[in-house]
Every structure is written in structure tokens, then in C-alpha cells.
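Open the model in your viewer and follow the stops below. Each one says what to select and what is there.

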Amino acid sequence: MDFQLTQDQADIQSAVADLCARFPEEYWQDKDAKEAYPEEFVSALQDAGWLSILIPEEYGGGGLGITEASLVLETINRSGGTAVSAHAQMYTMGTVLRHGSDEQKRRYLPKIASGELRLQAFGVTEPDAGTDTTRIRTSAVRRGDHYVVNGGKIFTSRFQHSDLMLLLVRTTPYEDVRKKTDGISTLLVDLRESRDSIGVRPIRTMQNHETNQIFFDDLVVPAENLIGEEGKGFRYILSGMNAERILVASEMLGDGFWFVAKASEYASERTVFGRPIGMNQGIQFPLAQAYAQLEAAAMLRWKAAAMFDRGLQPGFEANAAKLLASQSSWAAANAAMDTFGGYGVTVEYGIERKFREARLPLVAPVSNNLVLAYIGQNVLGMPKSY
Ligand SMILES: Cc1cc2nc3c(=O)[nH]c(=O)nc-3n(C[C@H](O)[C@H](O)[C@H](O)COP(=O)(O)OP(=O)(O)OC[C@H]3O[C@@H](n4cnc5c(N)ncnc54)[C@H](O)[C@@H]3O)c2cc1C
């Protein structure tokens, strides 16, 4: 057990922090107000190689682990930025890397590593299926050397900023499979060739998070773009869940530490009744509590990341890290709001922007209810609710 970053990891942290310093609070506020995509920031991350660190060196990536990727994402949010705009380019390719053919890896990974291609859209959720992914109805019917896709997805984020989309479809209807997780397949859709067959309805949300409802009308996808075996897609998606949980937990931790740092500084300076408000335990203790919770969640995240990088399957650790990171970040958000009083709700101080952003992780990319169900059922052995 070693709780210190290595010199290389500390160097990554400071290099990412330096890059983020070029994108101050005003930059993020401007994007938020205009509901605009932070293209300059995402391009800068890509050009510096931070979005390709999980891609093996043989395909032009950094060849590093989930521990280093966590550090990158946490540092972005800890600096006041929003890694959600870019994180999918870092890890959606994992399905291609783990389950794609050699030909698919050679064709796509080097271009994803260089940023020539963006694989940032991941179509899983459907309006009528919700959390029960096995109930998706978007269908892909094989016709000779291609599939014809019909149906639709909801909450497909960053669609407009992607060249490629990973799409979960049913190749065998739910009613015709013995096991409900069978008959689901994963397709890599080249959006450069297929936007004409995809309708898009942007969905406005409480934060600047470009997400959409999309509709497929006889979308043609070459059969060579099937990832892995037909009917096994649900397993491929599950195999990427631990990595995703660890990485999104890292972003939430970054947010949480940002809230605590901002609020502690403000609490030490803001004087009311002739003394800094931070002297009052009603202000000081919630921040101290949130900080302790964040550190505890961060440790579980490091444990999950270390296990993942050693080839283990940290199902409990990754899920619990996501649960605790989202809760402690939300606790920090509320403590910061209270600390800033009326100024917390003004746009100028940035707290309200981050506060809006800190709410989503309690429900997405996976709802904490489902994380608790995973722990209750798969770790503690209690009966399933679904
Ligand atoms: C901004 C944003 C971006 C997103 N980006 C993407 C994306 O890029 N790609 C993508 O595929 N999806 C994306 N999602 C979808 C996201 O993953 C889902 O919203 C989330 O998984 C929950 O699904 P749902 O909204 O349909 O909730 P529902 O399934 O309708 O559930 C509603 C509530 O009921 C609870 N619930 C349901 N069943 C149970 C049970 N058995 N036990 C306990 N509680 C239960 C849920 O936990 C939840 O709290 C995004 C969502 C948002 C809001």
C-alpha cells in the first residue's frame, strides 16, 4: 500500500493543472451562458495527449492506466473546469479496444488517439427502457453485408461533436431470447456517412451538457462495424462499467474539492458580525465534514483504480466510489452554497454553475439507486429488485 503519487503521476497532475489555468472561470461561465461546447478546451486537452492516455502506445496513445486517467479528470474539475465535455473521448473507445477486431483497432484507434476522429457519443438509454437496458427496442436487422437500424435513443450526449458513435441495438427482440441480456449488439456508427438517416432533437438541461434525443430511420451500418460477436453486446458494455464508474467518480471528487477550497477561502475572508464567517461552526463544520467524506471517497476510488490497473474486477470498489464521490461532492456543493450566502446564487461567483453540475452525478451515468441495488444484491447477496 502506498498512498503517494509517483513523480510521473505528480507531473501529470501539474501539467493538466497548467493547461486548465488557461481556461479560467470566465471561460466556463461564457460557455455556460451560451450553452456552447468548450471546443477550445477539448482541443487543447486532445493536442496535449491527455484524452488518449488510455489508448495503448502501439495505436498512438499514452499507454497509461485508469489511475492516471482519473488524475487527469479530477484535476480538470478541481480547477473549476468541466471534464464531462471531453471524458467520453477518453474512455468510449475501451469497447473497441477490448472487444474489437484487430482490423477495427488498426482502423480507428490511431485516429481516435490523434483526435482526427472523435468517438464521444454513446447511445444506450431509450425513453421506454430507462435504467432497464435489456428493454431497449432499437433494432438492427442484418441484410447481407450491412445492418438496417430503426428506433431511437434519448440523452445521447455530444452527438454533434462526434465522428463516431457506439450504439447498443437489439439484433434479436427481447421476446425471442432465453436470457434477457442476450440478443443485444454493439455497432460502431460512422456519423460522417450517416447523419442523413439520423434525426436529432437537442434536449435542454439544467447544465451545459449537450445531450439529445435521436431517431434512426433505416440507418445503414456496414456489418464490419459490429463490435465483437452479434448478441453479446450487453456483456461488452458491462465490461466497461468499472472503468467508467472510477473515472466519473474522479470528476465528482474534483468538483467536491473545488467547492471546499473555494468556500474555505471565502469563509476565512468574509466578515460579518465583526469576524470571519468561517469561525462559526455552522459554516466551518459542514465544510470539514464534506472534506473528510471526499478524502474517504477518493481513497476508495484509488483502491478501485489500482485494482483495475492490476487486471482485477473492482465491481464493489468502483460502484461504491461512484456512490460516495457523488454524495460527498453534493454535500460539498451544499456546504459551499450555504457559505457563500446570497452570493452563492449569483452567476459571478461560479458556485451556482458548479452546483447545477454537481446534481447530475447522483443519477447519471448510473443512478445511485442502481449502485445500491448492485451492492445489496451482488455483494451482500440480497434478493434482486429487477
Ligand atoms: C445530462 C444527461 C446526459 C446523459 N448522457 C447519456 C449518454 O450519453 N448516453 C446514454 O446512453 N445515456 C445518457 N444519459 C442517460 C442516463 O444514463 C439515465 O438518465 C440514467 O441511467 C437513468 O435512466 P432514466 O433517466 O431513464 O431513469 P429511470 O430508469 O426512469 O429511473 C427513474 C428513477 O427510478 C429509479 N429506479 C428505477 N428502477 C429501480 C429499481 N429497481 N430500484 C431502485 N430504483 C429504481 C432510478 O434509479 C431513478 O432514480 C444521460 C442522462 C442525462 C440526464
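**Whole chain**

Start with the full protein chain: for 386 residues a compact globule would have a radius of gyration near 21 Å, and the chain agrees, with 21 Å (taken over C-alpha atoms; the globule rule is 2.2 Å times the number of residues to the power 0.38). This is a predicted model: local features need pLDDT of at least 70, side-chain atom pairs count only at pLDDT 80 or more, and totals for chains, interfaces and linings use all residues. Residues are numbered from 1 along each chain as its sequence is written.

Colour by secondary structure: the protein chain has 14 helices and 10 strands (DSSP runs numbered from the N terminus; helices are H or I, at least four residues, and strands are E, at least two).

**Helix 2**

Select residues 25–34. Trp28, Lys31 and Asp32 are buried here (20 or more other C-beta atoms within 10 Å of the residue's own; exposed means 12 or fewer, partly exposed in between; C-beta atoms are placed from the backbone). Look down the axis: the buried residues fall within an arc of 100°, so they line one face of helix 2 (the arc is that of the directions from the helix axis to the C-beta atoms). Glu26, Asp30, Ala33 and Lys34 are exposed on the other side.

Now add 351–359. This is helix 13, against which the buried residues of helix 2 pack. Step to glutamate 35, just after helix 2: its phi is positive, about 50°.

**Ligand shell**

Select the ligand and its surroundings. Strand 1 (119–123), strand 3 (146–157) and helix 14 (368–379) each supply at least two residues of the shell.

How values were computed
Two residues are in contact if their C-beta atoms, placed from the backbone, lie within 7 Å.
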